[in-house]
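Please open the structure in your viewer and keep the selection tool at hand. The tour below goes from one selection to the next and says what can be found at each stop.

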Amino acid sequence: MELAPPRGTTDLLPPESERMRRLYDLAHDVANLYGYRYAETPAFEPTELFVRTSGATSDVVQKEMYTFQDKGGRRLTLRPEGTAPVVRAVLGASAEVSLPFKGYYVEPMWRYGRPQKGRLREFRQFGVEVVGSGLPAADAETILLGHEYLRLAGIRNLRLEVNSLGDQVCRPTYRERLLAYLEANRERLRDEHRERFRENPLRVLDCTDESCRAVARDAPKILDNLCGPCREHYDGVLRALDDEGLVVHQVDTLVRGLDYYVRTAFEYVSPALPESQASVGGGGRYDGLAEVLGLTPTPGVGFALGLERILIALEAEGVSDLDARFGVFVVTVGPNAFPAGRELVRAFRQAGVPAQVPFEDRPLNAQFRMADRSGAAYAAVLGERELSDGTVTVRRLADGVEETVPRDEAVKRLASGDV
Ligand code: HAM
């Protein structure tokens, strides 16, 4: 039997699992700080939900969906992205939330791509969606939230790229212009796009192939072709981001890989990642999505960040505090101290300090080895002397510095971080 996890998936065990959990915790904290409410949708949905919204020509729909038939003959797909499910849930039959709904999710997604660094078949996203506001302030708030999250996660080098993709009024005209230009430059495109650029000409613009890039450089620019309301919206977003002090790079070839976007599109790019997977996250506005699902037309905007990619970027940037040890491991010397150790663990836990103790009395060296491997930041040692005078010796495991203090004080100090 194959014991490795399925190709493109990973087992999360310490310390990687703890790094990941810190990203989950931070997602809940930052989203709540901005007033976003937690949302969860099923791991699978009717295939049609994604085909209609991501777009028939998108990579997600053409190549990457995990689709299966259940025993009732329904065609279902493991969720490749979270936007369409959230919009369905918020505006669909059972919803009782008021608009605008500001929601977020931290969930696994599945895409059947060719696995490589930063590209998995099962990966995790932190996403936020504002459903029910078409205002530039909503775009700016989500962009800011994602930026703040990445900063707090420890990412130092980040490029915020934005563009406007126009809407159903101005994009068709632009598309025709672009098509005419690509038609005239067809021979310069790489094979795949030479054959298929008519299906989705905008995708050529963000192709990473050098020859396609050269064609994209001279292509008509969507920003020069925006209608009045789209231009006004885009200027409003840029102004709001400027007010927040965010440095924005306007990238007129940024188009995103899903079809539901209109107007604002953005990406958070990390120079520490391989170029083809350089986006730690991205998003934009999807004002037409609800209508495509037969729901009341409702504007929306959001983003999703790839949590595995954030971890790769942090590692590449050499951010080491991810491995921060925490809590205390109680070490006892001799059979008399063992029961006192359990009492001390109880006191630590009651004070909110993560604490552990061996399941059985072990030799001192073995206990210190356990303490070190456990990931604890401190060892609290109870020996003969400490037992008789009501103290405990607190040793910082990173450098062995230690101090003997009354037990109450040790608990108080570790609980307040004053050590
Ligand atoms: P997306 O650009 O397809 O957008 O994915 C967002 C992020 O998920 C990417 O920037 C990347 O970090 C991560 N990601 C995507 N595919 C993979 C993969 N195969 N392996 C590892 N990480 C991956 C969306 O999903 C939209 N739903 C975002 C959005 C929300 N737009 C509006 N609201």
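**Starting at the ligand**

Select F303 together with the ligand, and you will find a backbone N or O atom of F303 lying 3.3 Å from a nitrogen atom of the ligand, a polar contact in the sense of a pair of N or O atoms within 3.5 Å. The protein covers 95% of the 660 Å² of accessible area that the ligand has on its own, with areas taken from the Shrake-Rupley method and a 1.4 Å probe. This is a predicted model, in which local features need pLDDT of at least 70 and side-chain atom pairs count only at pLDDT 80 or more, while totals for chains, interfaces and linings use all residues. Residues are numbered from 1 along each chain as its sequence is written, and side-chain values use heavy atoms, with hydrogens and water left out.

Add E129 next, where a polar side-chain atom lies 2.8 Å from a nitrogen atom of the ligand, and then Y260, where a polar side-chain atom lies 3.0 Å from a nitrogen atom of the ligand.

**The shell around the ligand**

Now widen the selection to the 25 residues around the ligand, of which E81, T83, L120, E129 and Y261 come nearest; a residue belongs here if one of its heavy atoms lies within 4 Å of the ligand. Colouring by strand (a DSSP run of E, at least two residues) shows that β6 (122-131), β10 (279-285) and β11 (300-306) each supply at least two residues of this shell, and that β10 gives the most, with six residues.

**From F303 to the rings**

Return to F303 and add Y268, which forms an aromatic pair with F303 that is edge-to-face, 6.0 Å centre to centre with 85° between the planes; rings of Phe, Tyr and Trp (its six-membered ring) pair if their centres lie within 6.5 Å, and planes over 60 degrees apart count as edge-to-face. Because Y268 lies in strand β9 (residues 262-269) and F303 in strand β11, the pair ties together parts that are 35 residues apart in sequence. Both Y268 and F303 are buried, that is, under 20% relative accessible area (1.4 Å probe, protein chains only). Extending the selection to Y38, Y104, F126, Y149 and F266 completes a cluster that ring pairs link together with Y268 and F303.

**The whole chain**

Finally, zoom out to the chain, whose C-alpha trace spans about 90 × 55 × 45 Å along its principal axes, and in which buried residues make up 50% of the 419 residues.

Conventions:
Polar contact = N/O pair within 3.5 Å; in protein donor to acceptor, adjacent residues only side chain to side chain. Helix = DSSP H or I, 4+ residues; strand = E, 2+ residues; numbered from the N terminus. Phe/Tyr/Trp six-rings, centres within 6.5 Å; stacked < 30°, edge-to-face > 60°.
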